[in-house]
There are 2 protein chains.
Amino acid sequence: MERKIYLSNTPLSKAREIFWSKALKKEPDLEEIGTTEAAGRVTAEAVFARLSSPHYHAAAMDGIAVKASHTFGATATSPLRLNLDEKAFYIDTGGLLPPDCDAVIMIEDVFYPDKAKPLEIEIREPAPPWQHVRSIGEDIVATEMILPSYHRIRPFDVGALLNGGIFKLKVLKKPRVALIPTGSELIDPIKNPEPGQILESNSFTFSAAVGEWGAEAKRFPIVKDDLEQLEEVLLEASSKSDLVLISAGSSAGRKDFTVKVLEKLGEVLVHGVAMRPGKPVILAMIGSTPVVGLPGYPVAAYMVLELFVMPLLYYMQKQRPAENQILPSHSSRRVLSSLKEEEYLRLKVGKVNDKFVATPLPRGSGVSMSLVRADGVTSIPQDKEGVEPGEMIPVELWRTASEIENTIVCLGSHDLSLDILFDHLKRKGHGYSLSSAHVGSMGGILALKREETHLAGLHLLDEETGQYNISYLERYLPELELILMHLAKRELGLMVKEGNHLRITRLEDLCRKDVVFVNRQKGAGTRIFLDFMLREKDLDSSAITGYEREEFNHLSVAAAVAAGSADAGLGIRAAAEALGVEFIPLAWESYELAMPVSFYNSDRCRALLEIIKSDSFRDSVEKMGGYDLKQSGEIIWRSQTKVQP
Amino acid sequence: MERKIYLSNTPLSKAREIFWSKALKKEPDLEEIGTTEAAGRVTAEAVFARLSSPHYHAAAMDGIAVKASHTFGATATSPLRLNLDEKAFYIDTGGLLPPDCDAVIMIEDVFYPDKAKPLEIEIREPAPPWQHVRSIGEDIVATEMILPSYHRIRPFDVGALLNGGIFKLKVLKKPRVALIPTGSELIDPIKNPEPGQILESNSFTFSAAVGEWGAEAKRFPIVKDDLEQLEEVLLEASSKSDLVLISAGSSAGRKDFTVKVLEKLGEVLVHGVAMRPGKPVILAMIGSTPVVGLPGYPVAAYMVLELFVMPLLYYMQKQRPAENQILPSHSSRRVLSSLKEEEYLRLKVGKVNDKFVATPLPRGSGVSMSLVRADGVTSIPQDKEGVEPGEMIPVELWRTASEIENTIVCLGSHDLSLDILFDHLKRKGHGYSLSSAHVGSMGGILALKREETHLAGLHLLDEETGQYNISYLERYLPELELILMHLAKRELGLMVKEGNHLRITRLEDLCRKDVVFVNRQKGAGTRIFLDFMLREKDLDSSAITGYEREEFNHLSVAAAVAAGSADAGLGIRAAAEALGVEFIPLAWESYELAMPVSFYNSDRCRALLEIIKSDSFRDSVEKMGGYDLKQSGEIIWRSQTKVQP
């Protein structure tokens with residue numbers, strides 16, 4: 001049952017060139033639509049005005065219409081009187097000039113000298129010909145070009161077209177995109193999937209993206225791993241669409257029929273591009289219809305969508321692809337990247353001390369949350385081995401730069417209250433946002449040292465004093481002027497599966513042969529707490545099965561226990577309650593936020609404090625269980641650094 | 001019939017402050033929708049995952065699933081054999097790990113040692129536990145926050161929500177915006193409006209704009225100038241909408257009932273803002289529904305839309321208003337601005353010699369084409385008297401900076417072929433664009449001198465030599481290294497109304513008392529030609545009625561003649577034919593493009609030349625009548641400037 005691995009490693013630019021040259025041969029279809037429905041559409045040909053605007057000589061002001069020559073000689077000292085409806089005519093802005101009139105006098109310059117003669121008005125200066133008159137074609141002259149070909153129609157273009165007498169026009173038809181999800185393991189989203197069933201979500205992301213890019217998506221039912229069925233659906237889809245996207249089935253796996261079918265029905269141009277994620281992309285043609293086979297992993301699929309599908313749809317509509325802003329930022333980490341591919345890295349970006357700092361998000365192509373959490377993306381070229389800490393990298397932003405400037409960065413230990421804080425900050429509507437990445441308490445301290453974060457979330461127990469956090473700041477960051485603010489006390493304990501069949505009751509039980517543990521990563525406060533307790537109790541970590549298996553936050557530990565891949569883990573009560581596992585309390589610990597004094601004095605921090613001290617925030621956090629926020633917002637400690645006089 | 005003028009002059013920022021404080025009191029309505037329809041909508045509350053993703057331990061690779069401990073000890077020199085379906089199980093990416101398995105070995109690392117034993121495989125290194133396994137919650141852990149409140153949902157958010165088991169969610173309802181066009185002079189767009197009837201186009205611009213800003217528009221039928229009817233419609237609209245926009249009727253004119261009705265039904269917060277255009281805006285409340293009265297002129301209306309309606313709709317949806325890029329540019333002109341208002345100036349922007357140059361467009365608030373042609377807008381603060389030539393001004397871009405960098409700027413005389421050139425350039429799809437502004441031939445020469453244009457369109461007759469353009473370049477631009485390229489020969493003559501009842505046959509007839517002329521602006525090649533001919537024939541310009549009335553292009557002159565506001569004008573045959581007026585030929589003239597040698601050698605110019613020399617361009621231009629393009633694209637002259645050795 002050996003399988004041939006036949007992915008090529010075509011460079012991205014080469015793959016695109018090959019694809020565009022075939023995929024863009026067909027001219028786009030046209031349709032005629034009403035002007036009032038035309039916003040957002042693309043003109044198929046130049047549009048010339050049919051009417052002038054205005055199409056008659058119109059008053060540009062409210063006032064009286066006159067013949068200019070009748071007003072000559074009027075001055076302040078020798079005003080002129082005119083009879084209404086003989087030589088002067090009331091007129092509103094936009095009104096038609098009466099025959100023989102060629103000027104308008106503003107109503108503010110019209111006087112009524114004699115109450116007994118209501119039809120007599122007085123003027124005190126002459127009107128030059130064409131004063132306050134919008135002459136024919138002042139805005140648009142009939143036959144003038146209003147819009148060129150291939151112009152995306154904006155709201156005010158609609159107004160100008162109507163003013164020019166254009167009520168219908170030819171536009172490019174929206175490209176029709178067929179979405180075909182494939183794979184026997186896929187099911188349409190249902191409430192309670194069985195293990196082994198994967199919810200088919202990619203096609204819905206595709207559909208939304210394709211819609212944003214001006215095309216119309218049609219999702220086909222899921223095609224199981226069945227060669228004939230795939231062939232049938234592909235034939236139908238390619239005959240009715242301008243582009244076909246096949247979701248999953250693009251790699252070289254056991255049941256990946258896609259390439260075989262495409263080779264039979266048309267031509268496979270490229271299979272395998274030197275990019276990561278997204279390598280196993282297929283670019284093909286069936287007749288004149290381009291086909292893209294996208295990988296099944298959501299991040300890989302989305303990158304292929306952005307790099308191949310987005311530009312193609314823009315080109316089909318005769319537009320330049322949308323461009324995001326590029327923001328040069330300092331990389332906060334070392335990233336090693338393969339010389340085999342160009343790598344697209346999702347990043348969190350924050351502005352700390354006037355410096356934009358980019359922190360890579362998880363690189364796994366299955367982590368769809370890395371797209372959700374990303375502020376932007378950078379590409380590491382194929383011939384580059386990676387990125388050094390502090391190196392300037394160009395970040396293509398997925399948010400605006402001002403959103404990033406208004407984002408509070410919190411690196412350090414994970415706590416569920418940070419999500420609640422983020423949510424409350426958004427609800428407050430000051431425009432501030434909170435971006436937290438979970439790098440453990442020690443990671444937070446390093447980030448403060450390197451000026452990469454505004455806040456560090458810490459729960460570091462000093463084994464000697466039993467005090468939290470302060471001694472760590474004194475030891476590791478003596479040069480910084482810092483403030484330590486209390487956020488929450490939280491209950492720490494062992495999480496075990498519902499029912500606790502293994503009867504785990506205390507830390508000592510972790511050393512039992514029948515108990516499999518799941519640990520937190522090195523540098524996490526929870527792990528430091530565990531090691532401290534093990535030493536206190538003279539227990540040997542090498543006796544614990546699973547001590548080496550690391551998860552990166554409380555919820556993941558609870559999830560591992562809930563799913564039975566571990567029998568016990570250490571974490572906070574709120575995570576245990578969220579995932580429905582049992583909790584054996586061990587201690588209360590302090591979770592605190594360390595920050596530079598300069599940040600403490602900023603508007604952003606004031607907005608944050610307002611929330612931290614609010615009842616609604618405290619209630620939301622305490623509701624999760626195992627939290628005590630009585631002291632939240634209190635300053636626990638302030639560093640003794642001498643400020644320059 | 002005196003009228004009270006009671007517009008206030010409230011500063012823009014103050015007016016906004018007053019308006020927001022009342023208009024944003026009501027919390028937005030919510031609705032529950034399906035996740036697959038949610039892209040572009042705004043979350044009403046934080047969304048927490050209901051399922052983990054993956055929700056079971058899944059293979060991350062195609063290969064075989066094993067229990068890690070069964071593989072320990074395997075090396076290249078002492079490989080290990082495992083029986084399929086006993087201790088090794090074929091598995092596809094995403095597949096469920098069989099019971100007791102905790103690792104996956106990639107198919108590339110699986111060997112088949114003995115063809116006779118197809119169920120025996122060989123491995124040459126051990127698999128650590130959890131190798132190539134996506135453990136439960138690797139992407140999303142159930143109960144984790146996927147999106148915070150007030151988050152605009154992007155395509156990949158849809159995928160993440162589905163992966164987290166969220167199939168329905170609460171979003172903010174789209175704000176409902178009522179559009180009420182008012183004015184007895186307005187009619188719905190019809191093919192052949194009578195003089196005095198104005199096509200109601202503004203509400204369609206509003207509708208498209210409001211849709212782009214995330215709201216839903218409902219257009220009401222046109223309300224005539226009738227107090228009771230307006231009251232009735234306003235009551236209905238305000239009770240059913242989150243915002244009411246009243247088009248026109250916001251100034252202080254004779255029949256402007258809007259303010260009266262609003263004062264009766266609710267509260268007028270501001271009437272009159274210190275901005276131009278857009279001064280007569282009304283900001284009001286009817287109950288909890290904000291109401292904006294917009295001026296009738298399209299440019300004024302659009303500026304009010306951008307400055308008041310756009311931010312309000314974003315705030316209602318708990319979003320920050322969209323921000324355009326700000327591009328510092330050199331003003332090419334002096335602009336005087338009133339100290340009474342903040343002025344919003346539409347601009348053309350081009351990049352010439354690495355310098356962004358902004359040229360103001362016509363300031364009239366009735367010129368909807370100034371919106372269509374604008375590349376951006378700048379605001380001149382209320383306390384600033386204007387802008388000096390060369391001054392750096394911040395331009396808020398309506399296009400991307402790269403579109404502007406790809407735009408060829410042509411300042412100078414107007415010719416209809418420039419529009420055709422623009423259209424053909426767009427169709428070519430190189431991404432280049434042409435932006436022409438009509439400042440007359442002499443204006444074009446000055447623009448070349450000041451490095452504000454790539455091309456200058458010229459048709460300047462040398463009265464001594466009878467030659468076109470060259471002597472002007474030699475005289476005025478001796479220091480520049482220039483190239484003069486022929487574009488077209490065109491026929492110049494007198495335009496007279498169809499039928500020519502005044503029997504105008506030659507230039508001398510312009511001096512007749514019964515003939516009203518319309519002229520071109522000073523510096524226009526056509527005007528220079530006229531003056532030359534008048535001198536040749538010893539005619540006195542002061543004898544010509546209308547010599548002082550200036551239009552800025554051929555089409556406007558033809559339109560004035562067609563409409564009967566002038567009996568004769570001077571211009572090109574194509575304009576006469578376009579507007580259906582009679583044409584009395586006088587001469588053929590050369591219309592040429594002068595450009596710096598550096599521009600001539602650019603890619604942009606090559607793209608332009610490709611079109612200028614194409615048959616399809618020549619055909620399109622000659623079809624207009626009065627054009628001869630046999631020589632187009634020929635280099636007529638090159639300046640003799642000595643290049644530095």
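Visitor: Where is A:Val244 found, and why is A:Val244 called buried?

Guide: In this predicted model, A:Val244 is found in strand E16 of chain A, residues 243-247. Its relative accessible area is 0%, and buried means under 20%, so A:Val244 is called buried.

Visitor: Which residues does A:Val244 touch?

Guide: Leaving out residues up to four places away in sequence, A:Val244 touches A:Ala178, A:Ile180, A:Leu234, A:Ala237, A:Ser238, A:Thr289, A:Pro290, A:Val291 and A:Val292. Touching here means heavy atoms within 4.5 Å.

Visitor: How far apart are A:Val244 and A:Arg490?

Guide: From C-alpha to C-alpha they are 52 Å apart in space, and 246 residues apart in sequence.

Visitor: What about A:Ser413: what makes this residue buried?

Guide: A:Ser413 has a relative accessible area of 4%. The cut-off for buried is under 20%, so A:Ser413 counts as buried. You will find A:Ser413 in the loop between strand E28 (407-412) and helix H9 (416-428) of chain A. Among the residues that A:Ser413 touches are A:Leu418, A:Gly440, A:Arg490 and A:Tyr591.

Visitor: How do you know that the side chains of A:Ser413 and A:His459 make a polar contact?

Guide: The contact between these two side chains is 2.9 Å. A polar contact needs a pair of N or O atoms within 3.5 Å, so the value of 2.9 Å falls inside the limit.

Visitor: Why is A:Asp354 called exposed?

Guide: Its relative accessible area is 70%, and exposed means over 50%, so A:Asp354 is on the exposed side of the cut-off. A:Asp354 lies in the loop between strand E23 (342-352) and strand E24 (355-360) of chain A. A:Asp354 also has a positive phi of about 65°, although it is not a glycine.

Visitor: What makes a positive phi worth pointing out?

Guide: Most residues other than glycine have a negative phi. A:Asp538 is another non-glycine residue with a positive phi, about 60°. The loop that holds A:Asp538 runs between helix H12 (525-536) and strand E33 (550-551) of chain A. With 72% relative accessibility against a cut-off of over 50%, A:Asp538 is exposed too.

Visitor: Where in chain A is there a cis peptide bond?

Guide: A cis bond joins A:Ser53 and A:Pro54, with omega about -5°. A:Pro54 is in the loop between strand E2 (47-48) and strand E3 (58-59) of chain A. In chain B, the bond from B:Ser53 to B:Pro54 is cis as well, with omega near -5°. Most peptide bonds are trans.

Visitor: How do you know that strands E4 and E6 of chain A pair?

Guide: Pairing takes at least two bridges, and E4 (residues 63-66) and E6 (residues 89-91) of chain A have 3, so they pair, in the antiparallel sense. One of the matches sets A:Ala65 opposite A:Phe89. E4 of chain A is also joined to E7 (residues 103-106) of chain A by 4 bridges, again antiparallel.

Visitor: Why are E6 and E7 of chain B called edge strands?

Guide: In chain B, 3 strands form an open antiparallel sheet in the order E6-E4-E7. E6 (89-91) and E7 (103-106) of chain B each have a single partner strand, so one side of each is left without a neighbour in the sheet. From one strand to the next, the twist averages 40°. E4 (residues 63-66) and E7 of chain B are joined by 4 bridges, and B:Gly63 stands opposite B:Met106.

Notes: Residues numbered from 1 in each chain as written. Chains lettered and ligands numbered in written order. Predicted model: local features only at pLDDT ≥ 70, side-chain atom pairs only at ≥ 80, totals over all residues. Heavy atoms only, no water. Helix = DSSP H or I, 4+ residues; strand = E, 2+ residues; numbered from the N terminus. Buried < 20%, exposed > 50% of the residue type's maximum accessible area, 1.4 Å probe, protein only. Axes fitted to C-alpha atoms, helices over the stretch in contact; angles between N-to-C directions. Polar contact = N/O pair within 3.5 Å; in protein donor to acceptor, adjacent residues only side chain to side chain.
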